[in-house]
Amino acid sequence: MQFLDNLFLNISQVIRNLVGGFLPDWGVEVVMMTVAAAVLVVIAVVTMMFLTWMERKVVGRIQDRLGPNRVGPFGLMQPIADMVKMFIKEDITPREANRWVYNLGPIVVVPPAILALAVIPFGRGLSGADLSIGWLYLAAVASTSVIGIFMAGWGSRNKYALLGAMRAAAQIVSYEIPQVLSVVGVILIAGSLSMQRIVEAQNVWFVFLQPVAFIIFLIASVAEIERSPFDLPEAESEIIAGYHTEYSGLKFGMFFLAEYISTFAVSAIGATMFLGGWRGPVLPGWIWFLAKTYLLVFVVLWLRGTLPRIRVDQLMNFAWKVLVPLALANLLVAGLIAAIINPAETPGFWTFIGFLLGNLLLIAAVVMVGVLRAPEMEASEAAVVGAKGALAGQ
Amino acid sequence: MITQIAFIGIALLTLAGAIGVVLARSVFVSALFLILSFVGVSGIYVLLEAPFLAGVQLLVYVGAVAVLIIFAVMLTRDMMSEETPFLNRQWGCGGVMAAVLFVLLLLIGFIADWPVSSAKPPEDTISALGEALMGKYVLPFEVASVFLLVALIGAIVVARER
Amino acid sequence: MLNLTWLVIAFPIAGVIINASLGRRLGERGVSYVGPGAVGLSFLTSLGVFLSLLGLPAEERVFEQVLFTWIPVGDFLIKAALLVDPLSTLMILVVTGVGFLIHVYSIGYMHDDARYSRFFTYMNLFLAAMLLLVLANNFFVMFVGWELVGLCSYLLIGFWFQRESAQRAGNKAFITTRIGDAGFALGMFLIWTTFGTLTFHEVFERAPAEFSAGDPIITAITLLLFVGAAGKSAQIPLYVWLPDAMEGPTPVSALIHAATMVTAGVYMVARTHVLYELAPLSANVVAVIGAATAFFAATIALVNNDIKRVLAYSTISQLGYMFMAVGVGAYVAGIFHLTTHAFFKALLFLSAGSVMHALEDETDMQKMGGLYPHLKTTALTFMAGWLAISGIPPLSGFFSKDEILFEAFKEGHLVLWAVGVFTAFLTAFYASRQIFLTFFGESRLEPELEARVHESPRVMTVPLMALGVLAIVGGFLGVPPGAGSAVHRFLGPVFESGAHGAEAAAAAEGGVLQWGLALLSAMAGALGILLAASMYIRRRIDPAELTERFRPIYTVLYNKYWVDELYGFIFVGGYRAFSRLLDTVVDAVVVHDRLFVRPFRAGTDLLSGPFDLGVVDGAVNGIADLIDRSSQALRRVQTGYVRNYALSVLFGVVLVLVYFLLV
Amino acid sequence: MDIPLSWYLTLAAGLFSIGLFGCLTRRNAIGILMGVELMLNAVNINLVAFGRYITPEAVAGQVFAVFVITLAAAEAAVGLALIISIYRTYDSIDMEDINLLKW
């Protein structure tokens, strides 16, 4: 079991020794980085392929269908077939498009998603780079994903594409705030931005200390990666396919790649931040990690199969009037409790009780506000529906 | 050696991005070059052993300021047209003066005898930074937050449709 | 307990604040609790301070407390600090104790006055100021208290400001004492430039070390300080305000112009005795002025018919005794007399006030007489005061006055002693005259007034009785005469610092000589009483006949030596004449006409013509033209393009950089 | 530390001059704003470089860079709001059209 747990670390040590025989120190570092990057890219691509199959299977089951079952056992070879199809499709470039920007768009979209994988701890000591600014890095990288979308939307010279890009940008910029804020509570308890350190701090899973934050994080993350029910930027019934309307073939595949890697990355971050990452009994750490990550991936797919898409005006209201205040309140509660009981010194049990009480109070307050403001909210909803969405009108 | 190569590469990237910002005909392309330049500056911060600033640079400039600028571009221009001429009539004069300033700044940078210290930066830059912001510089920190709030409200008031 | 000394001052201040802000709302009843209550608490605190001081060994009975640093300006450092030693403790006991009784008395006396709460506000303020003066540990804080009591005196003398005479009396007191205060201030400045400090103990430690006896600077300082003391304590030549001060309510006269404020001068001289011992000349001046004042005021009191003014002149006279005492170096005797005088003079004033209260503010003694059956309590207390002031043993005045006279005799000031003894005779005479005219003989009251005569209420008579007891037994503080007495043992250490004082204390055991002298002065007092009795009771000697025989002297005395008129002629008249001269000659002719009007006319003629029209207008219009044309040309610079402005800023930056690189 | 301080200063000077040039010459108001952002970045590079090389044990340089970034964010928000407001009024953000405040 010990061997299994350290399997990948041992492999890397073997490579290091091998290369170290004939290269200078900095050369070894370069080689190791290259290997790690290559491994991550491979993981990304494999994950994407597996996720496409998984999504079609899960959604199929939810919709009482079978899903893919023709290519290979359980249809597991289906992603390969799709890939082949995508490769041989015609690559179209609209005549009026800005060629440079149009072609660069899909290329810029993918790196942020893959870069996020670099700091995710797949097991004990098993991450591409254990940065001291871990979470900040993730947030920064995630925020750059808008750029590719903008390039795609603007470069296409298509009004639907541009609208989709602007929707995406507004959505990502808005939901980024509650997403970042919700994790700040976790960082407060762990006392570090480093992902490995956060995992090590989780004697109790943070989902139990910060349940409200976890819910906020889940919602905001789903919105960040523009998955249903927050898939407005590519709402086919309104604006065709949004910013990738004009793309086809491999370029279209790039957007797909980015979306699925993002889904995986966000789930992995959630598992790391709230579900104890690679920690767990008996089994090797990386197996625990993958299990938790896929649990969250399943939740995301489940949401898609269950919930209808929300309206544009609801989208913005929900972010700014519900999630951001709630995240701020949660942060306040977490800060107060952390100030009262120092989590670094208090036994896990009492930390757990303290934060749980705080969160219960918070939830009670939210419910009370909701009950009190329900009539008012309904009135404003009606008014908004009457006037149509502000963003939809642009 | 390797860091010097990295610096030259990043610096060229940054400057190229900056030149692109100034010389691109389309404002949107300008904004994309601006992002390139911002990313380059972020790399410079990494070389300067300021990882936190590198992250903030990406988060704030690339993730927020650049997006804001692109939004403004899309809200204010007819997107299908490229403007001609994109520079005003004093570009020659302005260019010469900017070049002169550059030369002067270079002179200062190379002539001056900077008291370079060989001490090491603190091990945990982030906590040092956090303690500085919450300790010695707490007043400017609070003022900055109030300033941000005022700017937020001001921006909303100014840009709101009446 | 000594740390809480500031409470002594704080209580009256609290009373001031409460009465000044809430006086109207509290009503007469509430004010009656707050005003005297504050003083009562202050008295209790003083008693505590006194007892804790007694608990210390005699040589350690000095305590200083710095409350806060008040004025730190470079070297000039003034700390608000309190000095608690036997001298100041005795003073605060007297001030708060007598003050408390007078406050209680005032409840009855001021009953139904329109400005009842304001009266108590002023009274409390006065007490706070007086206590500050007494407790100060440096000249500056003392000066502040000094000025504040002057202010309160002004406010209280003019309390009934509807009466013009009260206004005038207030102004007179304020202005006259101001002259003295100027002397005090000058003396203080001189102390500062000489010693570089104003703190008592520093000055007193350095003075004997740095200056020999008779040094002119010390003499100047002490004389200037004595000017201040003379103003505040109504000594020649600045005594004129005190008789007029009787325009104030009687409790004010009792508290301020008999018992406390006027003794501030004596207190100050005693406090600065170290300096006076270094300046024998000044000490002699003090003694001589004191003796002269004592005699002079007593003679005026002989013939005055106003019940309060007689007491006023009597006060001046007794203050003269005290100055005589401190002048000859008998500080303990002086302070002792100050204490006993506070008791019996307050008693006399309050009793007189009680009489006036009964007679509806009648003050002319010629219109009284035979009041004894109507006002038995008042008469008895009045008589206690009378016997005390007359120096009849064993009442308080006897012990303190005789101690002064004995000290004067012992120090070799035989003339002063003789004057003192003769004044004692005069004192007994005028006090007896007052008693006999007021309470005995046949009634000269108007009949309908006589029917309404009534004894004062309990709230007034109880303080009278308390003071009466004090006046009777107060003298036993000084028994046996000499260093063995309580007052000597208590106060002695304060004055032993000077060599003179130690010697005096050692030699104070007078023995037979002292008893003999005491007998002499007691006989002088008895003689005065007998003479008065024979004139006003037995009618053996007719006062009118006596008046006729000594008409010139009587006229002089009756008109108070025309001092007021003299001051009026010299100062007021001289000032007026001088102003008139300035007005008619200097101002109208020289300054106006020659200096201004004619040159001005000539100048304006010149200016309005060629200069104004030609040069000034030409220049103004020319400059305006120039500006107009140049601005027409320059306005083109403002293009409205921000980039142009930015470029010019950049140009400036480049120039600055080039400058710094080249230089 | 094998990169000399002057290299950073050169980079910052170049970035500043280019941003300045953009500020002075772009016709588009947003372009001017982007020039300003470049200049602010140049300043930040200088701050952090000086902080790293001259007082490495203190974080003052980075602290000030954080404040400058804050300022830049606020400046961008307000500036763009102004530009949008101008656009609504004039239907243009060409700075050559906006010269109302002149003689």
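Reader: Is Glu411(C) buried, exposed or partly exposed?
Author: Keep in mind that this is a predicted model. Buried would need under 20% relative accessible area, and exposed over 50%. Glu411(C) comes out at 28%, so the label is partly exposed.

Reader: Which residue does the side chain of Glu411(C) meet in a salt bridge, and how exposed is that partner?
Author: The N to O distance in this salt bridge is 3.7 Å. The partner has 26% relative accessibility, so this residue counts as partly exposed too. That partner is Lys410(C).

Reader: How many residues apart in sequence are the parts that Lys172(C) and Asp244(C) tie together?
Author: These two form a salt bridge, with their closest N and O atoms 2.8 Å apart. Lys172(C) sits in helix 5 of chain C and Asp244(C) in helix 8, so the pair links parts separated in sequence by 72 residues.

Reader: Is Asp244(C) buried or exposed?
Author: The cut-off for buried is under 20% relative accessible area. Asp244(C) has 17%, so we call this residue buried.

Reader: What span should helix 3 of chain B have?
Author: Helix 3 of chain B runs over residues 51-76, which makes 26 residues. Its end C-alpha atoms are 35 Å apart, and that agrees with the expected span. At 1.5 Å a residue, the expected value is 38 Å.

Reader: Where does helix 3 of chain B bend?
Author: This helix is mostly covered, with 20 of its 26 residues buried. Its bend is about 25 degrees, and the residue there is Tyr61(B).

Definitions and conventions. Residues numbered from 1 in each chain as written. Chains lettered and ligands numbered in written order. Predicted model: local features only at pLDDT ≥ 70, side-chain atom pairs only at ≥ 80, totals over all residues. Heavy atoms only, no water. Helix = DSSP H or I, 4+ residues; strand = E, 2+ residues; numbered from the N terminus. Expected span 1.5 Å × (residues − 1). Bend = angle between axes of the 7 residues up to and from the residue. Buried < 20%, exposed > 50% of the residue type's maximum accessible area, 1.4 Å probe, protein only. Salt bridge = Lys/Arg side-chain N within 4 Å of Asp/Glu carboxyl O.
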